[in-house]
Amino acid sequence: MAQVKVGILGAGGIAKVHASILKRDERVEIVGVADILEGRAMALAAEAGRAKAVGSLEELFDLGVDAVYVTTPNTLHVEPVLACLKRNIHVFSEKPMATSLAEAEQIREAAASSKAVYNLGMNRRYASVYKRVKEWIGSGEVTPYLAHLKMNRGELLHPAWTADPKVTGGFLYETPFHLMDLSRYLFGEVQSVTCEGRQHISASEMDTFAILLTFESGTVATFVTYAHAGWSFPFESLEVYGTYATVSTQELEKVMYAPGLKQPAHVHDYFQLPMEEKWGYAEEDRLFIDAIVHGTKPPVTAEDGFRSIQLLEAVYESAKTGKRIDFRQAAR
């Protein structure tokens with residue numbers, strides 16, 4: 001088929017990452033970049049090659065795009081995604097899918113009735129360290145009985161816009177959402193959620209979370225994240241405990257598998273890999289274009305994205321009410 005004509009809506013940092021990957025894919029032609037700030041649109045359009053800088057999604061449609069990358073702030077994802085799906089234009093939406101369960105449901109329904117491919121950008125699923133963990137679990141080498149996830153992000157301090165829940169949808173909708181989604185990807189569907197939330201420093205929202213998750217698979221996991229952790233290294237980490245075995249990650253750089261006593265630990269270090277590869281961006285973009293060109297399943301479907309929003313909203317509900325949220329009861 002002819003090249004997939006791609007438009008990019010929102011010319012921020014993550015848009016630059018995707019543009020860098022897409023312009024190296026022979027199946028893709030980036031035809032336009034839209035941003036409300038003309039200078040940003042022009043700069044990214046120049047980086048992308050022969051793309052045209054425009055000011056709106058409608059102008060991208062006028063360029064004849066086959067697919068749109070929605071890389072706007074969190075609370076501005078829903079409207080452009082729905083507009084694309086209504087026109088049967090393929091859409092890659094950066095996380096989160098939406099910033100409310102009702103809006104996520106709108107996208108899920110629109111994706112089900114559209115002829116276009118919808119994909120949610122959850123790059124951690126394709127990050128080198130987490131792919132390795134997924135392989136060990138999938139092969140049966142490690143049975144995940146217990147897990148601990150940690151996110152040390154100073155996200156209400158830098159960049160400044162992350163302190164505004166009207167832009168982010170709330171702290172958990174920022175980077176912590178990646179590990180929430182990752183927990184489902186690794187351990188299966190969630191059975192129950194219990195959360196203790198606090199508002200320690202932020203003037204506008206909860207900024208401290210200690211979360212207990214149980215999964216239908218039998219795995220039990222804890223997840224702690226604090227908005228004012230000060231970007232202490234490692235920014236994120238995962239520990240998984242099996243039968244006399246431990247798997248642990250350090251940031252997106254290194255993963256260790258210790259199979260037991262009197263056996264050497266297996267360490268995989270990805271420090272030298274390009275960021276786009278080790279963070280999973282290159283693979284998720286390739287799989288999205290594969291889905292358009294070959295009709296394969298996109299990496300993260302609307303149904304999958306909806307379930308992660310459902311989990312995040314349950315965390316907030318538990319934090320606010322002090323109640324344990326049981327998904328089995330909700331399904332009745």
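**Exercise 1. How many bridges join strand S1 (residues 4–9) to strand S4 (residues 67–70), and do the two strands run parallel or antiparallel?**

Solution. Keep in mind that the model is predicted.
- Step 1. Count the bridges between S1 and S4: there are 4.
- Step 2. Check the direction: S1 and S4 run parallel.
- Step 3. Pick out one bridge. Ile8 has Tyr69 in S4 as its bridge partner.

**Exercise 2. Place these strands in their sheet, and find the helix that lies across it.**

Solution.
- Step 1. Read the strand order. The open sheet has 6 strands, arranged S3-S2-S1-S4-S5-S6, with parallel pairing.
- Step 2. Find the edges. Strand S3 (52–54) and S6 each pair on one side only.
- Step 3. Look at the turn between neighbours. On average, neighbouring strands of this sheet are turned by 20° against each other, direction ignored.
- Step 4. Add the helix. Helix H10 (residues 281–294) lies across S1, strand S2 (28–34), S4, S5 and S6. Its angle to S5 is about 160°.

**Exercise 3. Classify the ring pair of Tyr69 and Phe288.**

Solution.
- Step 1. Start from the total: the model has 11 aromatic pairs.
- Step 2. Take the ring geometry. The centres of Tyr69 and Phe288 are 5.6 Å apart, and the planes stand at 85°.
- Step 3. Apply the cut-off. Planes over 60 degrees apart count as edge-to-face, so Tyr69 and Phe288 form an edge-to-face pair.
- Step 4. Locate the partners. Tyr69 is in strand S4 and Phe288 in helix H10, 219 residues apart.
- Step 5. Check exposure. Tyr69 and Phe288 are both buried.

**Exercise 4. Describe the loop between S10 and S11, starting from Trp231.**

Solution.
- Step 1. Check the backbone at Trp231. Phi is positive, about 60°, though Trp231 is not a glycine. Most residues other than glycine have a negative phi, and most peptide bonds are trans.
- Step 2. Check its exposure. Trp231 is partly exposed because its relative accessibility is 25%.
- Step 3. Move on to Pro234, which lies in the loop between strand S10 (220–226) and strand S11 (236–241). The bond joining Phe233 to Pro234 is cis, with omega about -5°.
- Step 4. Compare the rings. Phe233 and Phe235 have centres 6.3 Å apart and planes at 70°, so this pair is edge-to-face.
- Step 5. Compare exposure. Phe233 is exposed at 53% relative accessible area, while Phe235 is partly exposed at 24%.

**Exercise 5. Find another cis bond and another positive phi.**

Solution.
- Step 1. Go to Lys95 and Pro96. Their peptide bond is cis, with omega near -5°. Pro96 is in the loop between strand S5 (90–94) and helix H5 (101–113).
- Step 2. Go to Glu251, where phi is positive, near 55°. Glu251 sits in the loop between strand S12 (246–250) and strand S13 (254–258).
- Step 3. Check burial. Buried means under 20%, so Glu251, at 5% relative accessibility, counts as buried.

**Exercise 6. Is Arg125 buried or exposed, and which side chain does it reach by a polar contact?**

Solution.
- Step 1. Locate Arg125: the loop between strand S6 (118–121) and helix H6 (128–138).
- Step 2. Read its accessibility. Arg125 has a relative accessible area of 4%, so it is buried.
- Step 3. Find the partner. The side chains of Arg125 and Asp181 make a polar contact at 2.8 Å.
- Step 4. List further contacts. Beyond four places in sequence, Arg125 is in contact with residues including Lys131, Tyr185 and Asp304.
- Step 5. Follow Tyr185. Lys134 lies over its face, 4.3 Å from the ring centre.

Notes: Residues are numbered from 1 along each chain as its sequence is written. This is a predicted model: local features need pLDDT of at least 70, side-chain atom pairs count only at pLDDT 80 or more; totals for chains, interfaces and linings use all residues. Side-chain values use heavy atoms; hydrogens and water are left out. Buried means under 20% relative accessible area, exposed over 50%, partly exposed in between (1.4 Å probe, protein chains only). A polar contact is a pair of N or O atoms within 3.5 Å; within protein, one must be able to donate a hydrogen and the other to accept it, and residues adjacent in sequence count only if both atoms are side-chain atoms. Contact means heavy atoms within 4.5 Å. Two strands pair if DSSP finds at least two bridges between them. Axes are lines fitted to C-alpha atoms, for helices over the stretch in contact, and angles run from 0 to 180 degrees between N-to-C directions. Rings of Phe, Tyr and Trp (its six-membered ring) pair if their centres lie within 6.5 Å; planes under 30 degrees apart count as stacked, over 60 as edge-to-face and the rest as tilted. A charge sits over a ring if NZ of Lys or CZ of Arg is within 6 Å of the ring centre and within 35 degrees of the ring normal.
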